[in-house]
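Colleague: I am new to this model and would be grateful for a guided reading. May I put my questions one at a time?

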Amino acid sequence: MATTNRVINNPDQVVEDMLAGWLAAHAGTLRLSEGHARVVQRQAVPQPGKVGIVTGGGSGHEPAFLGYLGEGLCDAVAVGEVFSSPTARSFHGAMLAADGGAGVACLYGNYAGDNMNVRMAVEMAARDGIVVKTVVANDDVPSAPRCDEARRRGVAGEILMWKVGGAKAAMGVGLDEVIATARRAMDNTRSIGIGLSACTIAAVGKANFHIEHGTMEVGIGHHGEPGMAVHPTATAAEMAELMLGTLLEDLPFTPGDRVAVLLSGLGATPLMEQYILYGEIARRLHERGIAIAFRQVGNLFTSLEMMGVTLTLMRLDEELETCLKAPCQSVGMTVMGQEAGSLPATSPWSAPAARQPDRQPQSRQMSDAQAVARSTEGPCIALDRAGSMVRDLIAAIASHREFLSEIDGLIGDGDHGVNMAKGFNGCRARLDALDERQAARLPVALEQLSLALMDDIGGSMGPLYGRFFQGLADTFAGQPLLDGRLFAEALTHAVGNVQAMGRAQVGDKTLLDTLVPAQHAFTQALQSGAGFAQALQAMSAAAGAGKESTRQMQARVGRSARLGPRSIGVLDAGATSCWLILRTMAQSLQRLLD
């Protein structure tokens with residue numbers, strides 16, 4: 001019976017169970033070597049006359065090492081316990097499996113256990129008449145200082161070494177040439193890792209160290225070891241600068257170099273975040289005059305469920321680039337084959353240009369000129385100087401970002417505040433790019449807000465709030481002054497836009513439970529003889545009551561409706577943001593009326 005939240009059977013048998021599943025999934029191309037329960041080989045080996053490529057290491061790094069068994073890569077792999085070297089017998093078994101009579105290249109990582117077991121396996125193979133030569137990966141820069149590279153660990157750079165060695169062997173060259181090229185590949189490769197959370201070996205049941213919240217371990221190892229230094233948690237841009245600053249000066253890499261970039265997650269890092277970091281790396285290499293000729297991004301060499309990343313750079317010459325771009329096929333890497341020296345003329349990773357405001361102010365001016373000014377009644381606000389209301393809305397949403405996401409996370413996906421803040425901040429950028437006089441006009445500012453929400457945040461809130469603010473902007477267009485009657489008309493138009501967008505009704509636990517009562521309260525206050533400011537106060541109060549009413553409702557539409565009665569007792573996130581918007585509008589307009 002499972003006692004931990006892991007997808008396992010017996011914690012002491014995870015490697016055996018993993019191997020059984022791996023072989024079942026890839027039975028057409030891989031198999032266990034005869035007589036060796038911890039050696040996996042390609043179905044197609046040994047190949048007579050071809051140099052065999054062998055590696056091995058501890059489990060828990062998947063897809064390494066098994067994932068790089070394939071045509072144009074490794075031929076046989078020795079499999080160890082989690083984070084432990086394979087035995088000498090397993091390495092020897094891999095050498096026997098891969099030998100096609102031309103010798104074997106054993107390409108592995110620089111760890112004490114691996115070194116000892118490989119050395120014994122080479123001696124055992126020699127007694128069998130098999131010539132085995134080795135290259136030890138030592139690409140991990142933080143693990144030992146410059147000029148002491150022999151003590152450095154092998155980390156994700158091993159993948160590039162396997163790719164180069166496997167390509168040379170597939171070309172039919174001799175063992176000495178395979179070894180020389182693989183060694184040159186490693187001499188030109190540098191890596192660094194950053195850990196953001198520790199990992200847990202199932203049989204141990206707890207992490208062997210702890211990364212404090214708000215910190216990161218720089219120089220993390222692939223076996224759950226702590227890093228060489230602890231730094232405050234950084235942005236992706238700061239991580240990129242730190243990692244490149246360590247690697248580039250170590251070889252060193254210089255302007256004009258062509259490089260391979262391998263960026264690997266450590267097991268728990270989302271691909272989204274890996275690509276964010278890759279973009280920062282690529283941009284900085286470009287700025288330094290270093291061209292990326294080969295790239296791989298993904299969970300390529302992991303450490304169980306550790307959160308973090310490793311970055312590997314290889315400086316290329318023509319031969320290394322040709323080997324990296326040669327075809328290969330495996331679980332962990334597939335390259336269709338391409339010519340060396342080919343780089344796109346443009347850089348697809350370049351950051352997009354800053355978003356410019358749509359040409360709506362000009363079209364709004366045209367509609368303003370065509371509109372007929374209405375008569376006003378009571379206190380008024382000059383619409384040409386009321387654009388500050390939109391700035392107030394932006395500030396309110398931005399300052400409540402976490403609050404709104406926390407509410408959403410209780411019965412939703414937790415992104416409401418994040419998406420709202422993104423859309424409203426996008427409006428800020430649009431307004432900043434406008435002429436100051438145009439941005440001060442409320443119809444213009446509201447239209448830019450509508451466009452930003454519909455263009456930038458998606459989901460349901462983008463079109464709903466976008467149409468709401470568009471309704472306000474359309475009603476205000478061409479009018480010089482805003483009084484209570486015009487605001488009531490605009491609010492009615494805006495609410496109608498929202499209701500027309502979906503199936504929700506009051507009582508369904510949505511933003512309509514805030515919006516409709518607030519609109520009714522404003523209109524009824526005016527009809528009862530209240531002034532503009534008093535009607536705004538009534539609107540704000542009704543919005544607050546409407547928001548609170550959703551707490552005891554069961555959701556009937558949207559994602560949270562699937563939760564049924566479990567949605568009761570929690571505020572609706574849309575109703576809450578709508579309350580915040582209406583309250584801020586009321587406060588902002590009341591200040592302008594003073």
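Colleague: In which strand is T215 found?
Modeller: This is a predicted model, in which local features need pLDDT of at least 70 and side-chain atom pairs count only at pLDDT 80 or more, while totals for chains, interfaces and linings use all residues. Residues are numbered from 1 along each chain as its sequence is written, and side-chain values use heavy atoms, with hydrogens and water left out. Strands are DSSP runs of E with at least two residues, and helices are runs of H or I with at least four, both numbered from the N terminus. T215 lies in the strand of residues 215-218, β8.

Colleague: Which residue offers the backbone oxygen that the side chain of T215 reaches?
Modeller: Contact here means heavy atoms within 4.5 Å. Leaving aside neighbours within four places in sequence, T215 is in contact with V230, H231, P232 and T233. At 2.6 Å, the side chain of T215 reaches the backbone oxygen of E212.

Colleague: What is the strand order of the open sheet of 6 strands?
Modeller: Two strands pair if DSSP finds at least two bridges between them. The edge strands, each pairing on one side only, are β9 (229-232) and β11. With mixed pairing, the order is β9-β8-β7-β12-β10-β11.

Colleague: What angle does the direction of α7 make with that of β10?
Modeller: Axes are lines fitted to C-alpha atoms, for helices over the stretch in contact, and angles run from 0 to 180 degrees between N-to-C directions. Helix α7 packs on the sheet and touches β10, β11 and β12. With the direction of β10, that of α7 makes an angle of about 160°.

Colleague: Which residue of β11 is the bridge partner of A260?
Modeller: Strands β10 (residues 258-265) and β11 run parallel and are joined by 7 bridges. One of the pairings links R258 to A291. For A260, the bridge partner in β11 is F294.

Colleague: How many residues of β11 are buried?
Modeller: Buried means under 20% relative accessible area, exposed over 50% and partly exposed in between, using a 1.4 Å probe and protein chains only. Strand β11 covers residues 291-298 and is largely enclosed by the rest of the structure, because the buried residues number 6 of the 8.

Colleague: Which residues of β5 are buried on each side?
Modeller: In a regular strand the side chains alternate between the two faces of the sheet. Strand β5 (residues 104-109) has 6 of its 6 residues buried. Both faces are covered, one by V104, C106 and Y108, and the other by A105, L107 and G109.

Colleague: Is the crossover from β5 to β6 right-handed or left-handed?
Modeller: Strands β5 and β6 (residues 132-137) run parallel, joined by 6 bridges, and Y108 has V136 as its partner in β6. The chain crosses between them through helix α3 (residues 112-127). A crossover is right-handed if, with the strands pointing away from the viewer, the path from the first strand over the helix to the second runs clockwise. This β-α-β crossover is right-handed.

Colleague: How far apart are the end C-alpha atoms of α18?
Modeller: The expected span of a helix is 1.5 Å times one less than its number of residues. For the 18 residues of α18 (residues 532-549) the expected span is 26 Å, which agrees with the distance between the end C-alpha atoms, 26 Å.

Note on methods
A polar contact is a pair of N or O atoms within 3.5 Å; within protein, one must be able to donate a hydrogen and the other to accept it, and residues adjacent in sequence count only if both atoms are side-chain atoms.
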